[in-house]
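Welcome to a short guided look at one chain. Keep the sequence and the 3D view open as you read, and feel free to turn the picture as each part comes up.

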Amino acid sequence: MVPKKDIKSLYRDELAEHMAERGEPSYRTDQIMEWLYERLAESFDDMSNLPMILRQHLPKDFELNAVRALRTRRATDSTEKFLFELHDGSLVETVLIPATPGLTSRSDRVTLCISTQVGCAYRCAFCASGLDGVKRNLSAAEIVDQVVQVRRRSDERIDNIVVMGMGEPLANYDNLMRALRIINAPWGLGIGARKITVSTVGLVPRIKALAAEPMQIRLAVSLHGTTDDVRHKIMPVNKKHPLSELIEACRYYRTKSGRMMTFEYILIDGVNDGLDQAQRLGEIASDLRAKVNLIPYNEVAGLPLRRPDAGRCKAFQRMLKTHGVTATLRREKGDKIAAACGQLRLQHTADEEGAADVANGSR
Ligand code: SF4
């Protein structure tokens, strides 16, 4: 038997081709797209302006829902966490974050942080997502459906998407880009490309590939160290793509795409929070005209790393400012859950006790 396709992995043209093969008029494609991405249909049966025979046919060829909401929890800091089950029983998390200064260019916007892999292969020292390695890539539909399902369940309008959940987005490049095109398309979820930020630990060839993409998405590079010895200690990816290569790729990206970029920098006590690192980060960011997001580390039981005190964080930020670099120091409230790809999952665990179940969803 031919496996069914996830309908949310299809571009409009691909669905149109399927409709044409069935002899359906072309406006049926637009009707279905509207049901998928505007009216957020939960079943093909809901698509009430389609003829009954088509409504009965669609589930034979397509899956409608790629992820199933198991649980929604509102944390004490007003972020809202969605736990999704995939068809193979794997779990991923998606977080809705209200008002997050420093994460995006506007401070009064709602941001959704989405996942792209089950687990992660990169084993950053500050992150739980990499502890068990990577299980698999998410399909494009599984990425898109996180946004659809949150829209369906939340009263909040989603203004920004950050691809900083579980996994390294650029390690799942093709599915990621397909998903982002659907999220961005006027016939899809219609979220502006400049409102979408993709984060990476520094996969050099993929940063260069991203530079050639016509979509104006934003890039955030998780730097977390400005010398190879510091980066080696906390980010094993640095052995494959050392700092000099990464900076060269960032320069290529800036020049080729003309787009601004951001460096994410988790401040970890005694590891990467010295003024020598700040000085070097100031030089790198100033040279690339990049913005810096400083994220004081969120301590989590089980990992030996510590958060620097507020004075050290401020001194680090001041040093960046002397280089003329725009540097945001994340506030505690609301920001902690979305600190970085792996930090997200860590913080979820830490928030469990203070969280309250607010809803149960179904596929
Ligand atoms: S921080 Fe990101 S890239 Fe590093 S292990 Fe965690 S999920 Fe993977």
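## Strands side by side

Two strands count as paired if DSSP finds at least two bridges between them. With that in mind, how many bridges join strand β12 to β13? There are six, and β12 (residues 261–267) and β13 run parallel. One place to look is Leu267, which stands opposite Pro296 in β13. Please remember throughout that this is a predicted model.

On to the next pairing: β13 is joined to strand β14 (residues 327–329) by three bridges, and these two strands also run parallel. Here Val292 has Ala327 of β14 as its bridge partner. Val292 is also among the residues with the most contacts inside the largest nonpolar core. As for its surroundings, β13 (residues 291–296) is mostly covered, with five of its six residues buried.

## A helix between two strands

β12 and β13 also belong to a β-α-β unit, together with helix α10 (residues 275–288), and this unit is right-handed. Within α10 you can find Gln277. Is Gln277 buried or exposed? Its relative accessible area is 4%, so Gln277 counts as buried.

Which residues is Gln277 in contact with, leaving aside its neighbours within four places in sequence? They are Gly225, Thr226, Thr227, Val230, Tyr265, Asn272 and Phe316.

## The chain as a whole

Stepping back, the chain contains 12 helices and 15 strands. Of its 363 residues, 58% are buried. Among contacts in the chain with a separation of 6 or more, 66% are between residues 24 or more positions apart.

## The nonpolar cores

The largest nonpolar core has 100 residues. Those with the most contacts inside this core are Phe126, Ile161, Leu180, Ile183, Phe263 and Val292. Its largest share, seven residues, comes from helix α5 (residues 173–184). A second core, separate from this one, has six residues, including Val95, Val162, Met164 and Ala220.

Leu180 is a good residue to click on. Not counting residues up to four places away in sequence, Leu180 touches Val163, Ile196, Val198, Met215 and Ile217.

## Helices α5 and α4

Helix α5 has 12 residues, and the distance from its first C-alpha to its last is 16 Å, close to the 16 Å expected at 1.5 Å a residue. Its buried residues are Tyr173, Leu176, Met177, Ala179, Leu180, Ile182 and Ile183. An α-helix has 3.6 residues a turn, so residues three or four places apart point the same way. What covers the buried residues of α5? The cover includes α2 (27–37), α4, β9 (160–163), β10 (196–200) and α6 (204–211).

Helix α4 (residues 140–153) has 14 residues, which should span 20 Å at 1.5 Å a residue, and its end C-alpha atoms are indeed 20 Å apart. Because 12 of those 14 residues are buried, α4 is largely enclosed by the rest of the structure. Among the buried ones are Ala140, Ile143, Val147 and Val150, and also Glu142, Asp145 and Arg152.

## Charged pairs

Side chains of opposite charge can pair when their charged atoms come close. A search of the whole structure finds 16 salt bridges. One of the pairs is Asp145 with Lys8, where the closest N and O atoms are 2.7 Å apart. This pair links distant parts of the chain, 137 residues apart: Asp145 lies in α4, and Lys8 lies in the loop between β1 (5–6) and α1 (12–21). Both Asp145 and Lys8 are buried.

Another salt bridge brings together the side chains of Glu85 and Arg68, at 2.5 Å from N to O. These two are 17 residues apart and link distant parts of the chain, with Glu85 in strand β4 (residues 80–85) and Arg68 in strand β3 (residues 68–74). Arg68 has a relative accessible area of 31%, so it is partly exposed. Elsewhere, salt bridges that share partners join Arg22, Glu24 and Arg28 into one network. Within that group, the side chains of Arg22 and Glu24 meet at 3.7 Å, N to O. Arg22 counts as partly exposed because its relative accessibility is 32%, whereas Glu24, at 15%, counts as buried.

Conventions:
Residues are numbered from 1 along each chain as its sequence is written. This is a predicted model: local features need pLDDT of at least 70, side-chain atom pairs count only at pLDDT 80 or more; totals for chains, interfaces and linings use all residues. Side-chain values use heavy atoms; hydrogens and water are left out. A nonpolar core is a set of buried Ala, Val, Leu, Ile, Met, Phe, Trp, Tyr and Cys residues joined through side-chain atoms within 4.5 Å. Buried means under 20% relative accessible area, exposed over 50%, partly exposed in between (1.4 Å probe, protein chains only). Helices (H or I, at least four residues) and strands (E, at least two) are DSSP runs, numbered from the N terminus. Contact means heavy atoms within 4.5 Å. A crossover is right-handed if, with the strands pointing away from the viewer, the path from the first strand over the helix to the second runs clockwise. The expected span of a helix is 1.5 Å times one less than its number of residues. A salt bridge is a side-chain nitrogen of Lys or Arg within 4 Å of a carboxyl oxygen of Asp or Glu.
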